[in-house]
Amino acid sequence: MTAIDRTTLKVLIADDEVEFASTLVARLKLRKFSVTMATSGREALAVIHREPPDVLVLDLKMPDLDGLEVLASLKESCPDLAVIILTGHGSLDAGRQGMELGVYDYVMKPVDLNLLIDKIEGAFRSGTVQKGKQNGKGAC
Amino acid sequence: MDSATSDRTCVQVFAKISAAVSHEIKNTLAIINENAGLLGDLAQMTEESGGVPLARIRAITGTIAKQVDRSNTIMKNLNRFAHSADTCPAHGDLEETLSLVIALTSRQAAMKNVKTTLQCPPNIALSTDLIAFEALVYLILLTLYQKCASGSVLAVEVSEDLPRIVICFMIQEKDKAAGGMYTDEEQQGLADQLHATCRCEEDQIVMAFPAGLGQR
């Protein structure tokens, strides 16, 4: 399997728990990923449309727009964007709904970072993101 | 509503509160987990390059301590709520009880960007079916949060109109909530069990409780 150049893999972390998201961003940056964060559904959509990431890591429970609403919006505007959803036990059903909306995978909180990284790289390799880039456009 | 049905409502409220608490604890654990991982990352970096990033380590340990404190408060509130069912009637202080229920709904309020305020005279003692009372207040708050626009204030105000105690739940916002206020069948059933009356107006719900609920 070809190694991924993490410095070119753009990840957006969308979670309203600022201390969680900012620490996760710091840890992913230490591992050479190019990472940004958003702390609400609306902010995530704004960031995505301004500078589309390759992979979105999306919390399901957020104020204003929740994760499922963000997904529904992205289905039309950014069909090639790979999404990994973050969920607690209670939102496992919502996690499954997300899978039906075409997300790449889901991870449970607290997050196993190595597992998340495997999923981010897997999502990037999954083909749709690469296809978008080869066509000269981003995931959106 | 018969007592079995209102008991069922109390169980449902307990379930909702437990689900919200478990979600919040998951979030605090996730933050602690990430910060512990970051400490590990920094330790490895320090081994490789020398020099300890003290300021960063202090910030991380501060974050961990804050989340432990947050978790502790969440579990303390759940524990107090759980013990409300120990006896019936149970005894409590009205201001403390209302503060507890408001704390138990804090995540739902935050998700809607609603601030909840409480004005209650001190030292009003309760002797009632405490868990039913807390369940009723909880359901009213959740209903009103759904009606509030983002940025609203939900004011809970207690006044004494002896021999009754009156609790007013009022939405304060620039744009009025869509539709009038209402209490649903579950809330009305609990109110009946507590011998309370309920009056719904355009921007507030007013509950009045008998003197047995409020004693000095």
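Which residues are exposed on the other side of α3(A)? They are A:A72 and A:E76, and the first view below shows the helix they sit on. This is a predicted model, where local features need pLDDT of at least 70, side-chain atom pairs count only at pLDDT 80 or more, and totals for chains, interfaces and linings use all residues. Residues are numbered from 1 along each chain as its sequence is written, while chains are lettered from A and ligands numbered from 1 in the order in which they are written.

**View 1. Helix α3 of chain A.** Helices (H or I, at least four residues) and strands (E, at least two) are DSSP runs, numbered from the N terminus. In this one, residues 67-77, the buried ones are A:G67, A:L68, A:V70, A:L71 and A:L74. Looking down the axis, they fall within an arc of 150 degrees, so they line one face of the helix; the arc is that of the directions from the helix axis to the C-beta atoms. Buried means 20 or more other C-beta atoms within 10 Å of a residue's own, exposed 12 or fewer, with C-beta atoms placed from the backbone.

**View 2. The open sheet of chain B.** Five strands run in the order β2-β4-β5-β7-β6, with mixed pairing. Strands pair if DSSP finds at least two bridges between them. β2 (115-119) and β6 (197-200) of chain B stand at the edges with a single partner strand each, so one side of each is left without a neighbour in the sheet.

**View 3. Strands β6 and β7 of chain B.** β6(B) pairs with β7 (residues 204-209) in the antiparallel sense, over four bridges. Here B:R199 stands opposite B:V206.
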